[in-house]
Amino acid sequence: MASEAKNRTLLACMGDDDTITGMLLAGIGQVTTEEGKETNFKICNDDTSSDELLKTFNSFINRNDIAILLINQHLADKIRIEIDSYCNAFPAILEIPSKDHPYDPEKDSVLRKVRRLFGDS
């Protein structure tokens, strides 16, 4: 597993305009031209279909260069079954708030898994 983690150097982000803009300003943006135009970010909004979210989610979790996937919680809710059933160590999936949608810790899949681990339901 250590060799697998060694190649994972990128953050990926799925979020609304403001979230992605902030992340790009923070310096996480990566565009590769080796296989077309592959990026580590995707701007999504309330009109983005669940199928498109799932396609993007699957593309990010199957890449071997991404260590952490940040996703706005309101977008994660649209593909909650896939988020909750994801159990690989890499990339780690972290749900984050957006400007228009506050964070709800009861929906966070990582927090729920930690609570189950410690016996808090």
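Two strands are taken to pair if DSSP finds at least two bridges between them. In this predicted model, five bridges join strand 5 to strand 6, and the two run parallel. Within this pairing, Leu-69 stands opposite Ile-93 in strand 6.

Strands 5 and 6 belong to an open sheet of four strands, arranged in the order 4-1-5-6 with parallel pairing. The edges are formed by strand 4 (41-43) and strand 6 (92-96), each of which pairs on one side only. Neighbouring strands of the sheet are turned against each other by 15 degrees on average, direction ignored. Helix 2 (residues 17-26) lies across strand 1, strand 4, strand 5 and strand 6, and runs at about 160 degrees to strand 1.

Leu-69 and Ile-93 also appear in the largest nonpolar core, where they are among the residues with the most contacts inside it, together with Met-14, Phe-57, Ile-71 and Ile-83. This core has 17 residues. Two or more residues come from each of strand 1 (10-15), helix 3 (50-61), strand 5 (66-72) and helix 4 (73-76). The greatest contribution is that of helix 3, with four residues. Another core, of five residues, lies apart from the largest one and includes Cys-13, Ile-20, Ile-28 and Ile-96.

The surroundings of Phe-57 were examined with neighbours within four places in sequence left aside; Phe-57 is then in contact with Met-14, Leu-69, Ile-79, Glu-82, Ile-83, Tyr-86 and Ile-93. Both Phe-57 and Tyr-86 are buried.

A search of the whole structure for aromatic pairs finds one. The ring centres of Phe-57 and Tyr-86 are 6.1 Å apart and the ring planes stand at 75 degrees. Because planes over 60 degrees apart count as edge-to-face, the pair is assigned to that class. Distant parts of the chain are linked by this pair, with Phe-57 in helix 3 and Tyr-86 in the loop between helix 5 (80-85) and strand 6, 29 residues apart.

Thr-56 likewise lies in helix 3. With residues up to four places away in sequence not counted, Thr-56 touches Met-14 and Lys-42. The relative accessible area of Thr-56 is 10%, and the residue is therefore classed as buried, the cut-off being under 20%. Met-14 thus recurs as a contact of Thr-56 and of Phe-57.

Conventions:
Residues numbered from 1 in each chain as written. Predicted model: local features only at pLDDT ≥ 70, side-chain atom pairs only at ≥ 80, totals over all residues. Heavy atoms only, no water. Core = buried A, V, L, I, M, F, W, Y, C linked by side-chain atoms within 4.5 Å. Buried < 20%, exposed > 50% of the residue type's maximum accessible area, 1.4 Å probe, protein only. Contact = heavy atoms within 4.5 Å. Axes fitted to C-alpha atoms, helices over the stretch in contact; angles between N-to-C directions. Phe/Tyr/Trp six-rings, centres within 6.5 Å; stacked < 30°, edge-to-face > 60°.
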